[in-house]
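Here is a short briefing to read alongside the coordinates. It takes the sheet and its helices, then the second chain, and then the contact between the chains.

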Amino acid sequence: MALKRRNRGETAEHPPAGDGTVDRVAAVLPAPPLSQAGEPRAAGAPVVRLTDIAKRYGDHVVLDGVNLEVREGEALAIVGPSGAGKSTLLRCVNFLEQPDRGRIEVAGHAIGVDEKPSSRRLAELRRSSGMVFQAFNLFPHYTVLQNVSFAQRRVLGRTAEEADACSMQLLERVGLKDKAAQYPARCSGGQQQRAAIARALALNPKVMLFDEPTSALDPELGLEVLAVMRQLADEGMTMIVVTHEMNFAKNVADEVAVMCDGGIIEQGDPKQVLVDPAHARTRQFLRAVLER
Amino acid sequence: MDAYREILGGLPTTLMLGLLALAIGAIGALPLMFARRARSLLLRVPARAAIDLLRAVPPIVWLFLVFFGLTEFDVTLQPFTASVLALGVVSCAYLAEIYRGGFMAIDHGQVEASQALGLRRRDALRFVLAPQALRVALPAIVTYALALLKDTSLAYTIGVREVLFRANEETQLGAASPLSILLFTAAIYAVLSIPTALLARRLDTALRSKVAR
C-alpha cells in the first residue's frame, strides 16, 4: 500500500526509491519527490466511496443524496458557500456524523447506514482515515511529541520507543522537530495545525480528511500549513480537503467538487471548474471569493 | 495544658473521618456522574433525583437518619461508622456534580479528535478526557474537601470523640477558659485548611501555566 501510494509522484524523472525495503516508519511519509503538481497522474483504485449520503437535522436537509468517489493518490478539494454541507459530508466519511441514508466505504471497510455499526467496525473505519480539524484539537495536556505518539501506542500497539521514533520523523517532516517537547499552548496556530497533521499521519491513514484546516489561521500561518499539505499531495497521499483556499484548490488538487444546498453541483478538473465554471451558482460563488 | 492535649487527641479521628468520607465520595461520585450523564433516561433520571435529594437535606439530618433512623431496621452502627457513611454519601452527590462540571468544560473537539484517531472510548476517557476534566475540577474538589473537613465536626452530635467533641468536654470540665479552648479548636481547623488551600492554588497555577494560552 505504501509503495502504491507513491504513484502520483513517480515519473520518469523521479522514480521511487528503489531499495524496496519500506519499513513501517518510512512508509508513513516516503521521501518527497519534487512537486509534480499539474501533471496528469494515473488514477488508482477508489479509496473512499460515498453512495447516496443523506442527512437532515429536523426539517433542514444538510445532505441530499450525495455520491462521491476518491481514488488512491487523488487530492480532492471540496469548495462552496457556508451551509452547503461540505463539512458534514467530510465528517460522514469517518462517521463523526452519522448519515440518515447511504453507504460509506473507506479502504475496503464498508458501513451501510441501515445497520448500527459496532464500535469495533467504526474504529476500523476511522483507523483508515486521518482527520485534521479547523480548531486543531490537539490534546492540551500532552506535549507535541506525546500528541503524535499517543494514538500510535494505544491504537497501533507500538512501543513508546517505536512511536517516538516515528513521531520525530514526522515532526521533522512538518518542520516541528524543535517543538517536540512543547505543549500546544506554547505553539502558534500554524505549528499546532502542523502537529495535528503529524498526529493524523502517524497512524498510516489511507486517506487524510481536512476540514477547513486554515480557516482559523492568519494568512501567513495558513501558508505554512498549506505548504505541508501540498507536500503531502505531491507525495501521493489521498486527501479530501474542505477549504476556502481557492489557490490550493486550483493548483494542488487533482479534482474539485463544488457543493451547494446539500449536493455537489459541479465536479471536475479544478483548472476547468474554478476558471470557467458551467454552473451559474458556481460562478456566483467564485465571484464572491474573488471580490474579497 | 492537659485540656489542649486532650483536644488535639481528637485530631486523628477528625482527619480519618474526613478522609474516609472524601474517599467514599471521590469513588462513589464516578458511577453517579456517569449515570447522570448517560443517554438512557433509566439511568439519568434516578441519578439526578439522588443528587438533588442528597444535596437538598442538611448533612446533619442525614447523619441522624443514618445513626438513629436505621435502628428501626435493626441496623445499629457505631457513631464513627455512621458519620463516615453519612458524610461519604452526601459527598458522592457534590463530587459527582463537580466532576460533571469538569467534563462539561471540555471542548467537544477533544472527543472528536479521539474518535477520529480510532481510540477506544475507554482510552479516550482515561487518557484524554479525565485528565482534562480533573484539572478543571481540581479547585472545586479542594474547596469541597475543606468544607467536608469542617463538616466532620457534626459527628460530635452523635458522640464521635473528634476535636469539637473533646473541646466541648473540656469547656464543661472548666480546665481552661471556654474562649481559649474554642479559639484553640478554631486554630486546629484553620491550620489544616489554610495550607491545603494554598497548596491547591499553587498546584492549580502550575497545571494551568502548562496548558493556558
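In this predicted model, chain A holds an open sheet of four strands, ordered β2-β1-β4-β5 with antiparallel pairing. The edge positions belong to β2 (60-71) and β5 (109-112) of chain A; each has a single partner strand, so one side of each is left without a neighbour in the sheet. From one strand to the next, the twist averages 10 degrees.

**Strand pairing in chain A**

- As background, strands of a sheet pair through backbone hydrogen bonds, either parallel or antiparallel.
- β1(A) and β2(A) pair in the antiparallel sense, with nine bridges between them.
- Within that pair, A:R56 has A:V61 of β2(A) standing opposite.
- The hairpin of β1(A) and β2(A) has two residues between the strands, and A:G58 there takes a positive phi near 60 degrees.
- At the other edge of the sheet, β5(A) pairs with strand β4 (residues 101-106) of chain A, in the antiparallel sense and over four bridges.
- If you want a residue to look at here, try A:I104, which stands opposite A:I111 in β5(A).

**Helices lying across the sheet**

- Helix α2 (residues 86-93) of chain A lies across three strands of that chain, β1 (46-57), β2 and β4. Its direction makes an angle of about 55 degrees with β2(A).
- Helix α3 (residues 119-127) of chain A lies across β4 and β5 of chain A. Relative to β5(A), helix α3 of chain A runs at about 125 degrees.

**Chain B**

- Chain B has nine helices and zero strands, so to speak a plain α-α-α-α-α-α-α-α-α run from the N terminus on.
- The C-alpha trace of chain B spans about 70 × 45 × 25 Å along its principal axes.

**Where chains A and B meet**

- How many residues of each chain are in contact? On chain A there are 25, and they are in contact with 23 residues of chain B.
- The two chains bury about 2100 Å² between them, and 58% of this is on carbon and sulfur atoms.
- Three residues, A:F139, A:H141 and A:R154, supply 26% of the area that chain A buries against chain B, which is more than any other three residues supply.
- Five residue pairs are in polar contact between chain A and chain B, with both residues at pLDDT 80 or more.
- On the side of chain A that touches chain B, the elements giving two or more residues are α3, β6 (129-132), α4 (144-155) and α6 (189-201) of chain A.
- Of these, α4(A) gives the most, with four residues.
- By residue class, that side of chain A divides into 14 nonpolar, five polar and six charged residues.

**Salt bridges**

- Side chains of opposite charge can pair when their charged atoms come close.
- Over all chains the count comes to 18 salt bridges, and between chain A and chain B it is two.
- One salt bridge brings together the side chains of B:E112 and A:R91, at 2.7 Å from N to O.
- In another, the side chains of B:D123 and A:R154 meet at 3.5 Å, N to O. B:D123 lies in helix α7 (residues 121-151) of chain B and A:R154 in helix α4 of chain A, so this pair joins two chains.
- A:R154 is also one of the three residues named above for the area that chain A buries against chain B.

Technical notes. Residues are numbered from 1 along each chain as its sequence is written. Chains are lettered from A and ligands numbered from 1 in the order in which they are written. Side-chain values use heavy atoms; hydrogens and water are left out. Two strands pair if DSSP finds at least two bridges between them. Axes are lines fitted to C-alpha atoms, for helices over the stretch in contact, and angles run from 0 to 180 degrees between N-to-C directions. Contact means heavy atoms within 4.5 Å. Buried area is the accessible area (1.4 Å probe) that two parts lose on being put together, summed over both. A salt bridge is a side-chain nitrogen of Lys or Arg within 4 Å of a carboxyl oxygen of Asp or Glu. A polar contact is a pair of N or O atoms within 3.5 Å; within protein, one must be able to donate a hydrogen and the other to accept it, and residues adjacent in sequence count only if both atoms are side-chain atoms. Ala, Val, Leu, Ile, Met, Phe, Trp, Tyr, Cys and Pro count as nonpolar, Asp, Glu, Lys and Arg as charged, and the others, Gly among them, as polar.
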